[in-house]
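Me: I am about to study a protein chain and would like to go through it slowly, one question at a time. Could you take me through the reasoning behind each answer?

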Amino acid sequence: MKIYLLGRGHRLEQIRNALGLSKLNAVRVDGDPARVRFDAPEQPLAPGDLIIVAEFEEAPLRAILDNLARQKLPAKVMVFTSLPSRPFAREYPSFLFRDEGLIYKNELRELQRRAAGQQKVETVRQIAQGRPFLTVIWGNPDPDAIASAYALSELVRENARETAIAYMGEFTRPENAAMVNLLKIPMHKFAPPMVGPDTIVATVDAQPSFFQLDGRLRFDVIIDHHPLTDLGPHRFADVRPTYGSASTILTEYYQASGARMTKKIATALFYGLKIDTGNLTRNVSDADVAAFRYLRVRADENLVRTIELSQLPVETLDYFAVAIANKKIARDTVFAYLGTIPNPDMCVHVADFFIKLTGISWAIVACRSKDRVVVVFRSDGLRKHAGRLAEALFLDYGSAGGHRTMARAELEVGRLVAELREPTDVAIEEWLLRRLASKLRALAPFAAPAARGGAV
Ligand SMILES: [Mn+2]
């Protein structure tokens, strides 16, 4: 590929120097740029060649462009000018234009973004200076919150006297626990003594209004991407509702401040961004895409895969065994009752597995857990609505609802006793089958008539 340079001015010299640095094959075309012939046999152009024009005055620029336009060249023509490029772009639609105004606008925007990021990091570091720094995760820790809390702690590590991460809720998903274990991110269940009189308290992926603590916690630093709520008194806040993840904001902090991003931090942020945006398919902004690109080459992709695959605790196998042995399957519908078990999430794992079976378009898996009966619905969503079915069948006994393909009902055992002599597992399973069969006819053969004519 050859690059031909045409025109006048310091811009042309700058372009030539830039091309020289990138070791591209640039040729300065001498003579009158408004008369140069590229269609002559001694100057053959190849289709991959480029002609770069730089000119700062309108009349000479037009003369050059008219000359090139007449020749119907196979090469692309790129034009750099200090004149506004829009009218030229309309007049010469096959040429590519960039004016200095646009170049500076884009450059300035980028510089401004970095300056703002630097400023923010400096502010947070100053707030943390010499003080204990505690980042609190609201609710059950999810990958975006975990990654952001970790990245923020590392960002202030050299300034703060000590850093710690606390979470309010519980680890409900095994892959989130795997993330923390594999990346060795230190974090602890929140306890009020963690907050001393001079502790700086931060939260990420949440806002103070999310916490129901009657104002017992005061937040100094807030970094979030949820819709803005009343933040109350604070010393630093950065809330960007257009961003797909808080991990994106933290990524920009590292980029802007030049802080060293370790593989561990990059892996955590990459996973947080991936989960919150559903692999860049939900709530994505340009900033998320840019952060994704930045993180992807820095993250440990094998570790990310290991975390993603860590979804099923080994004890799940026992419940799969029960489910497969006890399944009631007819036509396109499968039902399984898992008995009384400690963790109702097992119903979710089994139902997610059953709905993948060929020919199955309804999977319903239920269990008793403490004083509740949990019923998990999965459907293929074709002319079906799992949420409405769950509501129609079970809303009278507790909570029920969901989407076309996924739904859940949680019934209070206390409200079933009127219809069951005793809430044994056998009685609960029979009752559920009768109830389900009233709407899902495929299950009718499994539904025993109600004992003593009990109401269904
Ligand atoms: Mn988030």
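Reply: Gladly, and please keep in mind throughout that this is a predicted model. Let us begin with Lys184, which has 7 C-beta neighbours inside 10 Å. A residue is called exposed if that count is 12 or fewer, so Lys184 counts as exposed.

Me: Where in the chain is Lys184 found, and what is its phi?

Reply: Lys184 is found in a loop, the one that runs between helix 6 (174–182) and strand 8 (188–189). Most residues other than glycine have a negative phi. Lys184 is not a glycine, and yet its phi is positive, at about 50 degrees.

Me: Is Asn283, in the loop between helix 8 and helix 9 (286–296), buried, exposed or partly exposed?

Reply: Asn283 also has a positive phi, of about 45 degrees, although it is not a glycine. To judge its exposure we count neighbours, and 15 other C-beta atoms lie within 10 Å of Asn283. A residue is buried at 20 or more and exposed at 12 or fewer, so the count for Asn283 makes it partly exposed.

Me: Which residues does Pro47 touch, leaving aside those up to four places away in sequence?

Reply: Pro47 lies in the loop between strand 2 (26–28) and strand 3 (50–54), and with 9 other C-beta atoms within 10 Å it is exposed. Although Pro47 and Ala75 are 28 residues apart along the chain, their C-alpha atoms are separated by 5.0 Å. Once residues up to four places away are set aside, the residues that Pro47 touches are Pro74 and Ala75.

Me: At what angle do helix 7 (residues 246–257) and helix 8 (residues 263–276) cross, and what is the handedness of the crossing?

Reply: The axes of helix 7 and helix 8 come within 8 Å of each other and cross at roughly 145 degrees. The residues that make this contact are Ser247, Thr248, Leu250 and Thr251 on helix 7, together with Leu269, Gly272, Leu273 and Asp276 on helix 8. Sorted by class, they comprise three nonpolar, four polar and one charged residues. The angle is therefore roughly 145 degrees, and the crossing is left-handed.

Me: Which helix gives the largest share of the largest nonpolar core?

Reply: The largest nonpolar core has 51 residues, and Ile146, Ala151, Leu152 and Leu269 are those that touch the most other members. The largest share of this core is nine residues, and these come from helix 5 (residues 143–156). Apart from this core lies another one of 42 residues, including Tyr337 and Val375. For the largest core, then, the helix asked for is helix 5.

Me: Which residues of helix 12 (residues 345–354) are buried, and what covers them?

Reply: The cover over the buried residues of helix 12 includes helix 11 (316–326), strand 13 (333–340), strand 14 (362–369) and strand 15 (372–379). The buried residues themselves are Met346, Cys347, His349, Val350, Ala351 and Phe354.

Me: Why is the chain said to be more spread out than a compact globule?

Reply: The secondary structure of the chain comes to 15 helices and 17 strands, and its C-alpha trace spans about 105 × 60 × 35 Å along the principal axes. For 456 residues the globule rule gives a radius of gyration of 23 Å, and the chain is well over this value, so it is more spread out than a compact globule, with a radius of gyration of 32 Å.

Definitions and conventions: Residues numbered from 1 in each chain as written. Predicted model: local features only at pLDDT ≥ 70, side-chain atom pairs only at ≥ 80, totals over all residues. Axes fitted to C-alpha atoms, helices over the stretch in contact; angles between N-to-C directions. Helix = DSSP H or I, 4+ residues; strand = E, 2+ residues; numbered from the N terminus. Left-handed = near helix turned anticlockwise from the far one by under 90°. Contact = placed C-beta atoms within 7 Å. Nonpolar A, V, L, I, M, F, W, Y, C, P; charged D, E, K, R; others polar. Core = buried A, V, L, I, M, F, W, Y, C linked by C-beta atoms within 7 Å. Rg over C-alpha atoms; globule rule 2.2 N^0.38 Å.
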